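Trainee: Please take one part of this structure and look at it closely for me, then connect it to its surroundings. I would rather have a single careful account than a list of features.

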Amino acid sequence: MFVVSILKDTVAIHPSNFGAPADQALIVELNKKYANRVLHDVGLCICVFDLKEVGEGKVRYGDGFLWYKVVFRMVVFRPFTSEVIIAKVKSSDQDGVRLTVGFFDDIYIPCSYLPQPTAFDPNERAHFWLPDSELTSTHEMLDTPVAERMYIDQGEVVRVRVEADDFFDDEPGPPKMAEGVQVQREAKRAPYNVVVSIVGLSALESHVNMMVASVLLQSRGLDLYRGGMVPAKRMVMLWMKDRSLVA
């Protein structure tokens with residue numbers, strides 16, 4: 001779910017921060033610039049992990065800032081393909097289900113990746129699944145008794161498998177003209193989307209992932225279901241400590 005990426009940048013330190021240790025001032029400035037920002041083909045930046053290399057601070061002509069060339073490691077949210085993650089249902093529509101992990105909301109389950117047969121109930125604004133049913137028509141499924149339906153309701157915690165992720169770099173600015181005709185612009189898209197599925201998870205895989213998540217959170221006095229999602233930075237540190245990535 002989280003990876004550490006090595007990045008390079010040139011950072012300016014304002015004179016008012018000269019009294020602070022250089023490393024501390026640099027981390028503050030880097031977090032201001034990168035935290036909660038999507039980098040194309042990298043992922044969603046969470047926070048600076050540490051500094052690898054820090055050059056000598058230099059003053060440029062015309063300002064009083066100290067400029068440092070820095071190589072640093074950034075904690076990035078980017079689940080890998082086939083990884084099983086736990087998320088909450090944020091909303092549903094006819095195209096699929098939108099999920100959230102608390103700090104990232106652009107996780108989607110297309111209808112083709114939902115358990116089949118499935119249909120969207122416009123009254124409940126939720127998809128439902130009919131286990132052991134051979135129905136294929138949406139109208140037929142909507143005529144079934146409600147008691148037989150397994151709804152994917154808003155707020156429910158689900159285990160999903162990552163199928164793909166997409167980065168979009170929509171060009172800003174006013175609409176363009178082609179031969180005097182205004183070009184139709186696509187709807188603005190989120191810069192980073194994760195596509196997941198519910199189908200294909202074996203019973204063992206689902207059980208193991210739920211058990212690991214429960215033990216991890218309960219051992220620290222946290223409850224995924226009652227207390228909501230763990231804050232992003234805290235989740236990162238718990239994730240890395242349990243994988244011996246940090247002491």
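**A loop and its surroundings**

Mentor: Asp105 counts as partly exposed, because its relative accessibility is 25%, a value that falls between the 20% limit for buried and the 50% limit for exposed. Everything that follows is read from a predicted model, and I will take the loop that holds this residue as the part to examine.

Asp105 lies in the loop between E7 and E8, and its side chain meets that of Lys90 in a salt bridge, with 3.8 Å from N to O. Since Lys90 belongs to strand E6, the pair ties together parts that are 15 residues apart in sequence. In general, side chains of opposite charge can pair when their charged atoms come close. Lys90, with a relative accessibility of 33%, likewise counts as partly exposed. The loop also holds Gly102, placed between strand E7 (96-100) and strand E8 (107-110). Gly102 counts as exposed because its relative accessibility is 54%, and its C-alpha atom is separated by 9.8 Å from that of Lys90, which is 12 residues away along the chain.

The flanking strands also bring us to the nonpolar interior. The largest nonpolar core has 27 residues, and those that touch the most other members are Phe77, Leu99 and Phe104. Both E7 and E8 are among the elements that give two or more residues to this core, together with strand E3 (43-54), strand E5 (66-77), E6, strand E12 (157-167) and strand E15 (192-197). The largest share comes from E12, which gives four residues. For Phe77, leaving aside residues up to four places away in sequence, the contacts include Val101, Phe103 and Phe104, and also Met1, Phe2, Gly43, Leu44, Ile46 and Tyr192. Another core, of 18 residues, lies apart from the largest one, and its members include Val11, Leu30, Cys45 and Met74. As background, nonpolar side chains in soluble globular proteins tend to be buried together.

Following E6 out of the salt bridge leads to the strand pairing. E6 pairs with E12 in the antiparallel sense over five bridges, and Val84 stands opposite Arg161 in E12. E12 in turn pairs with E15, again antiparallel and over six bridges, with Asp165 standing opposite Val194 in E15.

Strand E6 (residues 84-93) also holds Ser92, which is buried because its relative accessible area is 10%. Leaving aside residues up to four places away in sequence, Ser92 touches Val97, Phe120, Arg125, Ala126, His127 and Ile152. Two of these, Phe120 and His127, are bridge partners, with His127 on the E10 side. E9 and strand E10 (residues 126-129) run antiparallel and are joined by four bridges. Both strands belong to an open sheet of three strands, in the order E9-E10-E11 with antiparallel pairing. Strand E9 (118-121) and strand E11 (150-152) are its edge strands, each pairing on one side only, and neighbouring strands of this sheet are turned against each other by 35° on average, with direction ignored.

A second salt bridge is found at this sheet, where the closest N and O atoms of Asp121 and Arg149 are 3.2 Å apart. Asp121 lies in strand E9, while Arg149 lies in the loop between helix H2 (138-142) and E11, so the pair ties together parts 28 residues apart in sequence. Asp121 counts as buried because its relative accessibility is 6%, and Arg149 is buried as well, with a relative accessible area of 11%. Asp105 and Lys90, by contrast, each count as partly exposed.

The structure holds eight salt bridges, and one more is worth setting beside these two: the side chains of Arg73 and Asp50 meet at 2.6 Å from N to O. Because Arg73 lies in strand E5 and Asp50 in strand E3, the pair ties together parts that are 23 residues apart in sequence. Both residues are partly exposed, Arg73 with a relative accessible area of 25% and Asp50 with one of 22%.

For the wider setting, the protein has four helices and 15 strands, and 39% of its 247 residues count as buried. Among contacts between residues at least 6 apart in sequence, 63% join residues at least 24 apart.

Note on methods. Residues numbered from 1 in each chain as written. Predicted model: local features only at pLDDT ≥ 70, side-chain atom pairs only at ≥ 80, totals over all residues. Heavy atoms only, no water. Buried < 20%, exposed > 50% of the residue type's maximum accessible area, 1.4 Å probe, protein only. Contact = heavy atoms within 4.5 Å. Pairing = 2+ DSSP bridges. Axes fitted to C-alpha atoms, helices over the stretch in contact; angles between N-to-C directions. Core = buried A, V, L, I, M, F, W, Y, C linked by side-chain atoms within 4.5 Å. Salt bridge = Lys/Arg side-chain N within 4 Å of Asp/Glu carboxyl O.
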